[in-house]
Amino acid sequence: MTPLTHPTRTRLSDPLASAPDLTGRRAVVTGGSSGLGLVTTRALIRRGATVVIGARDTARTQRARDHLIAELNLPAGRLIVAPLDLIDPHSIRDFAKAVGDAPLDLLVLNAGISSVPLRHDHAGIESQFATNHLGHFALTGHLLPFLVPGVDPRIVTVSSALYTGATLDLDDLSSRTSYSPGRAYSRSKLANVIFAVELQRRLSAQGGTVRSFAAHPGMARTPLHATYPSAATRVLTGAVARVIGRDPGPADIGVLTAALNQEATPTLFWGPAGSKTIPDALGQPFAAVASDSATAAALWLKSEQLSGVGILS
Ligand SMILES: NC(=O)c1ccc[n+]([C@@H]2O[C@H](COP(=O)([O-])OP(=O)(O)OC[C@H]3O[C@@H](n4cnc5c(N)ncnc54)[C@H](OP(=O)(O)O)[C@@H]3O)[C@@H](O)[C@H]2O)c1
């Protein structure tokens, strides 16, 4: 297993050229109905995997599935839809049951909401932290036993380059005293990165074969930005995405590199670099805030307490 120390920035061109044939392998993609999750799902089933996708809007997810099955002329069983609401512990458990107890080779923790108005989960936790981090934490706990017997088993957490400017503030997860939609989103993405790094540390200490990666899409032109509560922010972000953003296909290269490339290591944060249309994959060392062991331990404990799911502790 690769040590977590002294990682070197790595740039890979055409990183999927030698991606393995995934025939017979099983993958789960959360949020596989839209944007980056849909692109990830297409790439995996095109290489032969059977994929389970989960999202809240099951009609939209079913439409996305039917479209991919028809487009790629696949047997119906290669792409399975199961309802998933990451803010609801019962839904997460039911989704994990629907995934089944056969070996799993890849778990892509992709689903997310961004910069939404203040809402809370059943326990009073701000909804972006609850959805983007806590829900995925719990799902990982449910599915980890099935990844252990997988082939080159990987967990890929989709975060954002915005994590570097975020503060975790675990003592104010309700955000009731002060709420900024953008700050809460960045906090959830910081939690994603800390989770991915700490999970890799714990998996590595155990000596098994499952590996945890973190990746990001840069800025991608997806429906994610349409939910900002402020019209001005929606217009501004839409304009910025048109100018500097990538379409979901090229933006997804870091996620797919983390999922499939044999040279990719979990010690780096994988994202796109260079060309808007055919980017390289760039693995960058994590910022110090992502690998502070005291912060990671505090996040882990809090996540276990709030989700009721224990992972490698
Ligand atoms: N787009 C960007 O510029 C950008 C930049 C940095 C990071 N990212 C990250 O990339 C990931 C994918 O985002 P995207 O841009 O592809 O967004 P998107 O097109 O809006 O897709 C989000 C997906 O997440 C699902 N989802 C949302 N809430 C959910 C919940 N409670 N339970 C289960 N599924 C849920 C959505 O389906 P339902 O609504 O049906 O549930 C949808 O399938 C996110 O983690 C995001 O933070 C995106």
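Contact here means heavy atoms within 4.5 Å. The exercises below concern a predicted model.

**Exercise 1. Describe the surroundings of Ser 91, and decide whether the residue is buried or exposed.**

Begin with the position in the fold: Ser 91 lies in helix α3. Next, take the relative accessible area, which is 12% for Ser 91; since buried means under 20%, Ser 91 is buried. Then list the contacts, leaving aside the neighbours within four places in sequence, and Ser 91 is found to touch Pro 83, Leu 84 and Asp 85. Finally, turn to a residue further along the chain: Arg 56 is 35 residues apart from Ser 91 in sequence, and the C-alpha atoms of the two are 9.5 Å apart in space.

**Exercise 2. Place Ser 230 in the chain and give its exposure.**

Ser 230 sits in the loop that runs between β7 (211-215) and α6 (231-244). Its relative accessibility is 32%, and Ser 230 therefore counts as partly exposed. In space, the C-alpha atom of Ser 230 is separated by 9.2 Å from that of Pro 117, although the two residues are 113 residues apart along the chain.

**Exercise 3. Work out how helix α4 packs against α5 and against α9.**

Two packed helices are described by the angle between their axes and by the distance between those axes.

Step one is the pair α4 (residues 127-147) and α5 (residues 181-206), whose axes come within 7 Å and cross at roughly 20°. Because angles under 35 degrees count as roughly parallel, α4 is roughly parallel to α5. The residues that meet include Phe 129, His 133 and Phe 137 in α4, and Tyr 185, Phe 195 and Leu 199 in α5. Sorted by class, this contact has ten nonpolar, six polar and two charged residues.

Step two is the pair α4 and α9, which pack with their axes 10 Å apart and at an angle of about 85°. That angle makes α4 and α9 roughly perpendicular to each other. From α4 the contact takes Phe 129, His 133, Leu 134, Phe 137 and Ala 138, while α9 contributes Leu 299, Trp 300, Ser 303, Glu 304, Leu 306 and Ser 307. By class, these residues divide into seven nonpolar, three polar and one charged.

Step three is to set the two lists side by side: Phe 129, His 133 and Phe 137 of α4 appear in the contact with α5 and also in the contact with α9.

**Exercise 4. Find the cavities of 30 Å³ or more, and state what lines them.**

Rolling a probe the size of a water molecule over the atoms shows where empty space is left. For this model, a search of the whole structure finds two cavities of 30 Å³ or more.

The largest cavity has a volume of about 100 Å³. It is lined by 15 residues, and those nearest its centre are Leu 22, Arg 25, Leu 106, Ala 259 and Leu 260. The elements that give two or more residues to this lining are β2 (26-30) and α8 (253-260). The class count for the lining of the largest cavity is nine nonpolar, one polar and five charged residues.

The second largest cavity holds about 30 Å³ of space, and its lining consists of Pro 89, Arg 93, Ala 138, His 142, Ser 307 and Val 309. Here α3 (89-99) and α4 are the elements that give two or more residues. By class, the lining of the second largest cavity has three nonpolar, two polar and one charged residues.

**Exercise 5. Characterise the largest pocket by volume, lining and class.**

The volume of the largest pocket is about 1200 Å³. Of the 48 residues in its lining, Gly 112, Ile 113, Ser 114, Thr 222 and Leu 224 are the closest to the centre. At least two lining residues each come from α1 (35-46), β3 (50-55), α4, α5 and α6, and the largest share, four residues, comes from α6. The lining of the largest pocket divides into 20 nonpolar, 22 polar and six charged residues.

**Exercise 6. Examine the phi angles of Asp 169 and Leu 312.**

Most residues other than glycine have a negative phi. Asp 169, however, has a positive phi of about 25° without being a glycine. It is found in the loop between β6 (154-158) and α5, and at 35% relative accessibility Asp 169 counts as partly exposed. Leu 312 likewise has a positive phi, near 50°. This residue belongs to the segment after α9 (293-307), and Leu 312 counts as partly exposed at 27% relative accessibility.

Note on methods: Residues are numbered from 1 along each chain as its sequence is written. This is a predicted model: local features need pLDDT of at least 70, side-chain atom pairs count only at pLDDT 80 or more; totals for chains, interfaces and linings use all residues. Side-chain values use heavy atoms; hydrogens and water are left out. Axes are lines fitted to C-alpha atoms, for helices over the stretch in contact, and angles run from 0 to 180 degrees between N-to-C directions. Angles under 35 degrees count as roughly parallel, over 145 as roughly antiparallel, 65 to 115 as roughly perpendicular and the rest as oblique. Ala, Val, Leu, Ile, Met, Phe, Trp, Tyr, Cys and Pro count as nonpolar, Asp, Glu, Lys and Arg as charged, and the others, Gly among them, as polar. On a 1 Å grid over the protein atoms alone, a cavity is a set of points where a 1.4 Å probe fits but cannot get out, and a pocket is an open set with protein on both sides within 12 Å along at least five of seven lines; lining residues have an atom within 4 Å of a point. Grid points are joined across faces, edges and corners, and a volume is the space filled by probe spheres set on the points. Buried means under 20% relative accessible area, exposed over 50%, partly exposed in between (1.4 Å probe, protein chains only).
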